[in-house]
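Q: Please take one part of this model and look at it closely, explaining each step, and then set it in the context of the rest of the chain. I would like to know how the charged side chains are placed, and what surrounds them elsewhere in the fold.

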Amino acid sequence: MASPSNYSTAPVSEFLLICFPNYQSWQHWLSLPLSLLFLLAMGANATLLLTIQLEASLHEPMYYLLSLLSLLDIVLCLTVIPKVLAIFWFDLRSISFSACFLQMFIMNCFLAMESCTFMVMAYDRYVAICHPLRYPSIITDRFVVRATIFVVARNGLFFLPVPVLSSRLRYCAGNIIKNCICTNLSVSKLSCDDITFNRLYQFVAGWTLLGSDLILIVLSYSFILKAVLRIKAEGAAAKALSTCGSHFILILFFSTVLLVLVITNLARKRIPPDVPILLNILHHLIPPALNPIVYGVRTKEIKQGI
């Protein structure tokens, strides 16, 4: 007769995602607003991408950066939300071993890419407002290409070890993930190996990259604010503050939700486990829905293009 240990060390071929373990009755009610937000995010970003592609006057570096942001938002939404809705509507909880770690990589990598893109866009606005005469020579198509390569390479290289480290662990504590998505923390808890280095690497890499991006964004907008307050032309300062202010608020919202998500994960014993799960889902939905509206619809040229 086989011993229990033989079963516990058997290789895991798939995981089962259990959304909201304490309040599973919420799922059908949540599916409606989540699906509406998903359609809004996909429709708004697709419209923005199509408008920039078809309108020749929008073939400029600033709009190429907006296209990059929209593309990242679409990939993030498609990576997370369809699976969540499939669980809610059809009870399709299983996810293969490889698909789980692919989802983990895309979520970590593309969220960091989005943060890095915000930083590049803040620099674009800084040059446009603080050094307008030098803007055409600094922010060129070549600059956008180099920035895109930097965004992809930096975050891809830094976050590739996260799913690699998790996939090399031995899973002997079952295959039920108490989450709607394959986060590193939720998956690695099922391992019988020491996961200290795994968690430490993600924490250090994440906050080093996201923290440095946020610092540079704040510095850029600080210089912008200082320059705007010196503008004496009637209405020019108010217009610049209105545009850059909405951008900065959106970036702060993106960073604040990430911070709240980390705090709730660290304080799981004091906070119901369903709260960080819901925050994680919303963080993959609300920014992608708001980004094209704040960055795109509030831009006169894009509204004309639409």
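A: A residue is called buried here when its relative accessible area is under 20%, exposed when it is over 50%, and partly exposed in between. The model is a predicted one, and everything below should be read with that in mind.

By that cut-off Asp-124 is buried, because its relative accessible area is 2%. Arg-125 is also on the buried side of the limit, since its relative accessible area is 16%. These two residues form a salt bridge with each other, in which the closest N and O atoms are 2.8 Å apart, so that both partners of this pair count as buried.

The chain has four salt bridges by the rule applied here, and two others can be set beside the first. In one of them the side chains of Asp-91 and Arg-93 meet with an N to O distance of 2.6 Å. Here the two partners fall into separate classes: Arg-93 has 18% relative accessibility and therefore counts as buried, whereas Asp-91, with 45%, counts as partly exposed. In another, Asp-193 pairs with Arg-170, and the closest N and O atoms are 2.9 Å apart. This pair links distant parts of the chain, as Asp-193 sits in the loop between α8 (184–188) and α9 while Arg-170 sits in the loop between α7 and β3, with 23 residues separating them. Both are partly exposed, because Asp-193 has a relative accessibility of 24% and Arg-170 one of 46%.

The strands come next. Three strands make up an open sheet in the order β2-β1-β3, with mixed pairing. Its edge strands are β2 (94–96) and β3 (176–177), each of which pairs on one side only. Strands β1 and β2 run antiparallel and are joined by three bridges, and in one of these pairings Phe-15 has Ile-95 of β2 as its bridge partner. On the other side, β1 and β3 pair in the parallel sense over two bridges; the bridge partner of Leu-16 in β3 is Ile-176, and Leu-17 stands opposite Ile-177 of that strand.

In a regular strand the side chains alternate between the two faces of the sheet. Strand β1 shows such an alternation: Phe-15 and Leu-17 point to one face and are buried, whereas Glu-14 and Leu-16 point to the other face and are not buried. Beyond this strand, Ser-25 lies in the loop between β1 (14–17) and α2 (27–54), and it counts as exposed because its relative accessible area is 55%. The C-alpha atoms of Ser-25 and Phe-88 are 9.8 Å apart, although their positions lie 63 residues apart along the chain.

Among the helices, α6 offers a check on geometry. It covers residues 141–159, and at 1.5 Å a residue its 19 residues should span 27 Å; the end C-alpha atoms are 27 Å apart, so the expected and computed values agree. Its buried residues are Phe-143, Val-144, Ala-147, Val-151, Arg-154, Asn-155, Gly-156 and Phe-159, a list that holds an arginine and an asparagine beside its nonpolar members. The cover over these buried residues includes α3 (61–90), α4 (97–130), α5 (135–138), α7 (161–167) and α9.

Helix α9 also appears at the surface. Leu-200, Phe-203, Val-204, Trp-207, Leu-259 and Ile-263 make a nonpolar surface patch of about 550 Å². The elements that give two or more residues to this patch are α9 (196–228) and α10 (236–266), and α9 gives the most, with four. Trp-207, which lies in α9, is partly exposed because its relative accessible area is 32%.

For the chain as a whole, there are 13 helices and three strands, and 46% of the 306 residues count as buried. Of the contacts with a separation of 6 or more, 80% are between residues 24 or more positions apart. The chain exposes about 15700 Å², of which carbon and sulfur atoms supply 69%.

Conventions: Residues are numbered from 1 along each chain as its sequence is written. This is a predicted model: local features need pLDDT of at least 70, side-chain atom pairs count only at pLDDT 80 or more; totals for chains, interfaces and linings use all residues. Side-chain values use heavy atoms; hydrogens and water are left out. Patches are made of residues with over 30% relative accessible area and no salt bridge: like charges are joined within 9 Å, nonpolar side chains (Val, Leu, Ile, Met, Phe, Trp, Tyr) within 5 Å. Accessible areas come from the Shrake-Rupley method with a 1.4 Å probe; for residues, only the protein chains shown count as cover. Buried means under 20% relative accessible area, exposed over 50%, partly exposed in between (1.4 Å probe, protein chains only). The expected span of a helix is 1.5 Å times one less than its number of residues. Contact means heavy atoms within 4.5 Å. Two strands pair if DSSP finds at least two bridges between them.
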